[in-house]
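I opened this model to look up a few things and wrote them down as I went. The entries are short.

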Amino acid sequence: MATIEECRSALDRLSDNLTRADGEVRSAAALDRTLSCHITDLDTTFTGHLAGGRIEVQDTVPGPPPAKAQIRLAMTGDDLVAMVNGDLNFAKAWASGRVRLEAGFRDLLKLRSLL
């Protein structure tokens with residue numbers, strides 16, 4: 001099982017990957033939205049902001065998200081690490097229910113290039 005530190009590191013690597021992206025991925029990452037990522041097996045949530053093509057993690061809290069973010073993710077720590085490492089395809093994990101993504105319809109359309 002991935003640790004909280006490994007999950008935080010994975011989010012930092014994902015943020016770095018987004019800043020280096022170009023084309024449609026760069027455009028999708030340029031949203032300005034609140035973000036939460038609930039790590040279900042650790043019952044821990046990272047909260048922050050997606051802005052300027054970067055994920056800014058602002059807090060780590062126990063339990064589910066304390067407030068409803070505009071973009072909400074939920075998955076196990078191992079799945080987060082595997083996705084960032086390229087070992088797990090996000091679209092397949094989302095389609096199978098291993099990863100939950102909730103956002104407004106317009107944001108989902110924008111985010112589809114990340115999937």
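What follows are my notes on a cavity, two helices and three single residues in a predicted model.

**Entry 1: the cavity.** I searched the whole structure for cavities of 30 Å³ or more and found one. The volume of this largest cavity is about 60 Å³. I then asked which elements give two or more residues to its lining. They are β1 (33-39), β2 (44-51) and β3 (54-62). With four residues, β2 gives the most. I listed the lining in full: L11, L35, S36, C37, F46, T47, G48, H49, I55, E56 and V57. Sorted by class, the lining of the largest cavity has six nonpolar residues, four polar ones and one charged one.

**Entry 2: T47.** I took T47 from the lining of the largest cavity and placed it in strand β2. Is T47 buried or exposed? I read a relative accessible area of 19% for T47, and the cut-off for buried is under 20%, so T47 counts as buried. Not counting residues up to four places away in sequence, T47 touches L35, S36, E56, V57, Q58, D59 and P66. I also checked T47 against N17: the two are 30 residues apart in sequence, and their C-alpha atoms are 19 Å apart in space.

**Entry 3: helix α1.** I checked the length of α1 first. Its 17 residues, at 1.5 Å a residue, should span 24 Å, and the end C-alpha atoms are 25 Å apart, which agrees. Next I asked which residues of α1 are buried. I noted C7, A10, L11, S15 and L18. These cover an arc of only 140 degrees around the axis, so they sit on the same side of α1. I kept the general rule beside this: an α-helix has 3.6 residues a turn, so residues three or four places apart point the same way. On the face of α1 turned away from the buried side I found the exposed residues E5 and R20.

**Entry 4: S15.** I stayed in α1, residues 4-20, which holds S15. The relative accessible area of S15 is 0%, so S15 is buried. I left aside its neighbours within four places in sequence and asked what S15 is in contact with. The contacts of S15 are G53, R54 and I55. Of these I had already met I55, in the lining of the largest cavity.

**Entry 5: helix α3.** Why is α3 described as largely enclosed by the rest of the structure? I found that seven of the nine residues of α3 (residues 77-85) are buried, and the description follows from that. I wrote down the buried residues of α3 as G77, D79, L80, V81, A82, M83 and V84. What covers them includes α1, β1, β4 (71-75) and α4 (90-96). After α3 comes G86, and I noted that its phi is positive, near 85 degrees.

**Entry 6: L42.** I looked up L42 last and found it in the loop between β1 and β2. L42 is partly exposed, with a relative accessible area of 23%. Leaving aside neighbours within four places in sequence, I found L42 in contact with M1, A2, T3, I4 and C7. Of these, C7 is one of the buried residues of α1. I also looked at L42 and A93, which are 51 residues apart along the chain; 19 Å separates their C-alpha atoms.

Definitions and conventions
Residues are numbered from 1 along each chain as its sequence is written. This is a predicted model: local features need pLDDT of at least 70, side-chain atom pairs count only at pLDDT 80 or more; totals for chains, interfaces and linings use all residues. Side-chain values use heavy atoms; hydrogens and water are left out. On a 1 Å grid over the protein atoms alone, a cavity is a set of points where a 1.4 Å probe fits but cannot get out, and a pocket is an open set with protein on both sides within 12 Å along at least five of seven lines; lining residues have an atom within 4 Å of a point. Grid points are joined across faces, edges and corners, and a volume is the space filled by probe spheres set on the points. Ala, Val, Leu, Ile, Met, Phe, Trp, Tyr, Cys and Pro count as nonpolar, Asp, Glu, Lys and Arg as charged, and the others, Gly among them, as polar. Buried means under 20% relative accessible area, exposed over 50%, partly exposed in between (1.4 Å probe, protein chains only). Contact means heavy atoms within 4.5 Å. The expected span of a helix is 1.5 Å times one less than its number of residues. The arc is that of the directions from the helix axis to the C-beta atoms.
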